[in-house]
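Biologist: Could you take me on a close look at one part of this fold, and then show me how the rest is arranged around it? I work at the bench, so please go step by step.

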Amino acid sequence: MDVDIENTRLGVPGPVNVHPRVLRALAKPVYYHRTPEFRKIYGEVLEMYNEIIGGKNALTTAFMGTGTAAMEAAVAYMVDENTTVISLVNGKFSHRLMEIAKRHSKNVIVKEYERGKAVKPEDVEELISDNPGAVVTLTHNETSTAVLNPLPEIIKVVHKYDGYVIADGITSVGGDYVFFDKREIDVLISGSQKCLGMPPGLSFVSLSERARERVNEIYRERGKPYYVDLVKHIKKAQQNDTPYTASVSLIYAAHEALKMILEEGLEARVMRHRKVGETFRRAFPKLGLKLFAEKGYYSNTVTAALPPEGISAEDIRKRVLEKGIIIAGGQERLKGKIIRVSHMNLTNVREVIMILGALDLSLKELGHKHDPGKRMESVYEVRL
Ligand SMILES: Cc1ncc(COP(=O)(O)O)c(C=O)c1O
């Protein structure tokens, strides 16, 4: 089957459909980044970003690389060889944070969870009470399993034992609340191509003052990665500047995308993401799709489901793609076992009707016998 890649709707959890306003910003002529004009734009990007994360006090920098660059910078500058790291692993991306941590510390304690399950604060307490001051890594929203981890409770436990939290907010920032200052997040990571509604290629790291002190201490002790030098980036960002050449076009896109988020209003945006998520979660079981994430820990930006008995997840994806929409499958040990539908950035009634309709028809073509009344109900029972 030939796929028209310029006219396929994205239903994957990143990259997401990008608004034409943001695409037009990408087409602006490139300008020299070492100028007051560009610094003004970059400064506004950082300011708008901090507003979105609720981080008036956050020390934020962008990285000219995807989310993993930010993950690497955050871990490398918070952790040295002798740091005890507690890596909470319940999916592919928290696993990646753990792998990065293992490159920087000899002492990484791994707490693995069955995929689909959320991290439990009581487990964290058990581990950190024996290792006060440890650095804890986790994903806020684990994209690979559609689980939203209880970040506020985890932060409380970690701080009780003087530890630090590195939270990957790559699929929560811009789609769900993170409340950087209020929740006292130490280190927050995010990426451009998810709920922030930009193309891939940019990422962000924000530090609390307490985390910055630690980063500076570690930096003094020994050399750290050069390109993703967090200390240099933060220092430059405070002057609205970048250590190396800025991805000028992506910064223009970021400026427009962040402006759009603030125009919509963070609260309205988060509510929209929540409602769309709820709609998918109500509809999926009626189509025979079993929600994958643990009840009570559902992500508001992505939904994962097991296919009905006897139908393959990959066949569902193929049939949906034939209808012009690309949805995601499982990753790592979940490859071929689940489907994942994103509801990030622009998703609204149109996407819900389109994706549910395409899933409905695809399942019917694959021989799934669900009650047709229920099927139609699930497609049109959109309460947004
Ligand atoms: C939660 C999470 N962390 C990290 C990443 C990796 O980001 P990137 O692929 O932009 O490097 C992703 C990408 O899907 C993600 O969803």
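Modeller: Happy to! Let's start with strand S9, where Val187, Ile189 and Gly191 point one way while Leu188 and Ser190 point the other way, and all of them are buried. That pattern has a simple background: in a regular strand the side chains alternate between the two faces of the sheet. Please keep in mind that this is a predicted model. With 5 of the 5 residues in S9 (residues 187-191) buried, the strand is largely enclosed by the rest of the structure.

What encloses it? Look at the neighbouring strands to begin with. Strand S8 (residues 164-168) runs parallel to S9 and is joined to it by 3 bridges. One place to find this pairing on your screen is Asp168, whose bridge partner in S9 is Ile189. Strand S10 (residues 203-207) runs antiparallel to S9, and 5 bridges join these two. Here you can pick out Leu188 opposite Ser206 of S10, and Val187 opposite Leu207 of S10. Both senses are part of the usual repertoire: strands of a sheet pair through backbone hydrogen bonds, either parallel or antiparallel.

Now zoom out to the whole sheet. S9 belongs to an open sheet of 7 strands in the order S2-S10-S9-S8-S5-S3-S4, and the pairing is mixed. At the edges stand strand S2 (59-63) and strand S4 (107-112); each has a single partner strand, so one side of each is left without a neighbour in the sheet. From one strand to the next, the twist averages 15°.

Helices come next. Helix H2 (residues 36-53) lies across S2, S9 and S10, and runs at about 120° to S2. Helix H3 lies across S2, strand S5 (135-139), S8, S9 and S10, and its direction is at about 165° to S9. So far as S9 is concerned, both H2 and H3 lie across it.

H3 also has a helical partner. Two packed helices are described by the angle between their axes and the distance between the axes. For H3 (residues 67-78) and helix H4 (residues 92-104), the axes come within 9 Å and cross at roughly 40°. That angle makes H3 oblique to H4, and the crossing is right-handed. On the H3 side the contact is made by Thr68, Met71, Glu72, Val75 and Ala76, and on the H4 side by Arg96, Leu97, Ile100, Ala101 and His104. Sorted by character, the residues of this contact of H3 with H4 are 6 nonpolar, 2 polar and 2 charged.

There is another sheet to visit. In this one, 5 strands form an open sheet in the order S1-S13-S14-S12-S11, again with mixed pairing. Its edges are strand S1 (9-11) and strand S11 (290-291), each with a single partner strand, so one side of each is left without a neighbour in the sheet. S11 pairs with strand S12 (residues 302-306) in the antiparallel sense over 2 bridges, and Lys290 stands opposite Leu306 in S12.

This sheet has helices packed on it as well. Helix H10 (residues 266-286) lies across S11, S12 and strand S14 (339-342), running at about 10° to S12. Helix H12 (residues 349-365) packs on the sheet too, where it touches S1, strand S13 (325-329) and S14, and its direction makes about 70° with that of S13.

For a good landmark here, try Val341, which is found in strand S14. Val341 is buried, with 27 other C-beta atoms within 10 Å. Leaving aside its neighbours within four places in sequence, Val341 is in contact with Gly11, Phe280, Val302, Thr303, Ile327 and Ile355. Of these, Ile327 is 14 residues from Val341 in sequence and 5.6 Å away in space, C-alpha to C-alpha.

Finally, follow H12 to its helical partner. The axes of helix H11 (residues 313-322) and H12 come within 9 Å and cross at roughly 120°. H11 and H12 are therefore oblique to each other, and their crossing is right-handed. H11 contributes Ile316, Arg319 and Val320 to the contact, while H12 contributes Ala358, Leu359, Ser362, Leu363 and Glu365. The residues of this contact of H11 with H12 divide into 5 nonpolar, 1 polar and 2 charged.

Methods:
Residues numbered from 1 in each chain as written. Predicted model: local features only at pLDDT ≥ 70, side-chain atom pairs only at ≥ 80, totals over all residues. Buried ≥ 20, exposed ≤ 12 C-beta atoms within 10 Å, placed from the backbone. Helix = DSSP H or I, 4+ residues; strand = E, 2+ residues; numbered from the N terminus. Pairing = 2+ DSSP bridges. Contact = placed C-beta atoms within 7 Å. Axes fitted to C-alpha atoms, helices over the stretch in contact; angles between N-to-C directions. Parallel < 35°, antiparallel > 145°, perpendicular 65-115°, else oblique. Left-handed = near helix turned anticlockwise from the far one by under 90°. Nonpolar A, V, L, I, M, F, W, Y, C, P; charged D, E, K, R; others polar.
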